[in-house]
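Hi,

Here is the structure I promised to pass along. Have a look at it first, and my notes follow below.

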Amino acid sequence: MKLHTVKEIGENFFIIRSQEKDFHRNIYLKSFKKDGKSINMIMDPGTRLDFEPLVEILTDLIGGIENINIIFVTHQDPDVTFNVRAFLTASPKSFVMASVDTLRFIKMLDIPDVRQQAIENFKSDELTIKPTGHRFKIIQIPYCHARGAIAMYDLETKIIFSGDLFGGLNTKKTSKDTVYANEESWEGISIFHQIYMPSKHALQVALDKISSLEPMPKMIAPQHGDVIKGELVGDFIQKLYNLSVGIEIMTKKDTEIELLITVLKKFIDKLKQTNNIDAKKFLDTIKNEKNFTTAISIIKDSVIDVKVSSKEAIYIFFEAIDTIAEEKDKNIYTAILVNLLDYYNLPIPEQLLKDKFILPETDVLE
Ligand SMILES: [Fe+2]
Ligand SMILES: [Fe+2]
């Protein structure tokens, strides 16, 4: 049954990650411990698929699910709240903690008022665990991505549990044996934020709050993707600050994205004229890119919508050529796509050209 990965990322701060390649859940447990007393907080406790593994894992970590005291919930999505009612039943001492705007939805799970604790009812956003003296902060991050979204900053470990903020659609491609992010993790983070964060303004307000925390977080633990630590904390905050997301991308459609769809249609027409790459296979590969069908919407054999930035989409197209074209044809199809992008004045990321084109064989002359 133990298919989840469990790792201690800070003192008594555990990540419990489900196994799906894409869009898995990171559930966290923090045990506040002192002088034989402990208060256990489970954060965003996952879906039905996670419940049984959690029962087993919590038995190992804290002697049983009944020892959970606080169910901290960042927002109302089903990947976060599905198990709240089951936890309240299995852990008789526990209560669910969330913002008023989140609790309004959580009530629908038939949870009595006495088992709910709204963060707005506390005098301060810095709270103390009375039995142990530990402190943690609650950070309101409105519209990232729900109205009542919150994050939890554990002052003992300097780890911030950020919910969907900093979440990655998937984890990095290499170094799968560790839960920590590397540069490759950015790809999943950027796609996830472009799709699910509603606006750059909302994102920047949240990032400003996190950047001004005292002391600065050492680690960011999101509900999806990799755990961010070290220099990447500052790097990814900066990158997210400059990222266009949600409604900004949608309203840019008239220009870049529309042109991109035109380029794709023409490229697919060219594929249909040759036997070397099957157009259907190309479209299927784009659809299955990152196993997340909504980044690029395809109906029948036409691209009808692109929900990520044009730069991100261009990468996906080149990756698809790389995946399905035979080695000898790769440069030809790459060149066809580059020409079309050039013709419509769409920017081709420089790094991509460096990666995709094979270097000339300079040793043919003497
Ligand atoms: Fe969510
Ligand atoms: Fe989520």
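**What I found**

The domain assignment splits the protein into domain 1, covering 5-246, and domain 2, covering 252-356. Please keep in mind that this is a predicted model. Taken over C-alpha atoms, the centres of the two domains are 36 Å apart.

Let's start with the sheet. It is open and has 7 strands, in the order β1-β2-β3-β4-β5-β6-β7, with mixed pairing. At its edges are β1 (5-10) and β7 (116-118), each of which pairs on one side only. On average, neighbouring strands are turned by 25° against each other, direction ignored. Helix α1 (residues 48-62) packs on this sheet, where it touches β1, β2 (13-17), β3 (26-34) and β4 (37-43). The direction of α1 makes about 25° with that of β3.

Over at the β7 edge, strand β6 (residues 95-98) runs parallel to β7, and 3 bridges join the two. For example, Met 97 has Gln 117 in β7 as its bridge partner.

Now for a helix pair you may like. The axes of α11 (residues 310-324) and α12 (residues 327-343) come within 9 Å and cross at roughly 160°. Angles over 145 degrees count as roughly antiparallel, so that is how α11 lies to α12. Their crossing is right-handed. On the α11 side, the contact is made by Ile 314, Phe 317, Phe 318, Ile 321 and Asp 322; α12 contributes Lys 330, Tyr 333, Thr 334, Leu 337 and Leu 341. By type, the residues of this contact are 7 nonpolar, 1 polar and 2 charged.

Happy to chat about any of this.

Best wishes

Technical notes: Residues are numbered from 1 along each chain as its sequence is written. Chains are lettered from A and ligands numbered from 1 in the order in which they are written. This is a predicted model: local features need pLDDT of at least 70, side-chain atom pairs count only at pLDDT 80 or more; totals for chains, interfaces and linings use all residues. Domain bounds come from an automatic or database domain assignment. Two strands pair if DSSP finds at least two bridges between them. Helices (H or I, at least four residues) and strands (E, at least two) are DSSP runs, numbered from the N terminus. Axes are lines fitted to C-alpha atoms, for helices over the stretch in contact, and angles run from 0 to 180 degrees between N-to-C directions. Two residues are in contact if their C-beta atoms, placed from the backbone, lie within 7 Å. Angles under 35 degrees count as roughly parallel, over 145 as roughly antiparallel, 65 to 115 as roughly perpendicular and the rest as oblique. A crossing is left-handed if the near helix is turned anticlockwise from the far one by less than a right angle, and right-handed if clockwise. Ala, Val, Leu, Ile, Met, Phe, Trp, Tyr, Cys and Pro count as nonpolar, Asp, Glu, Lys and Arg as charged, and the others, Gly among them, as polar.
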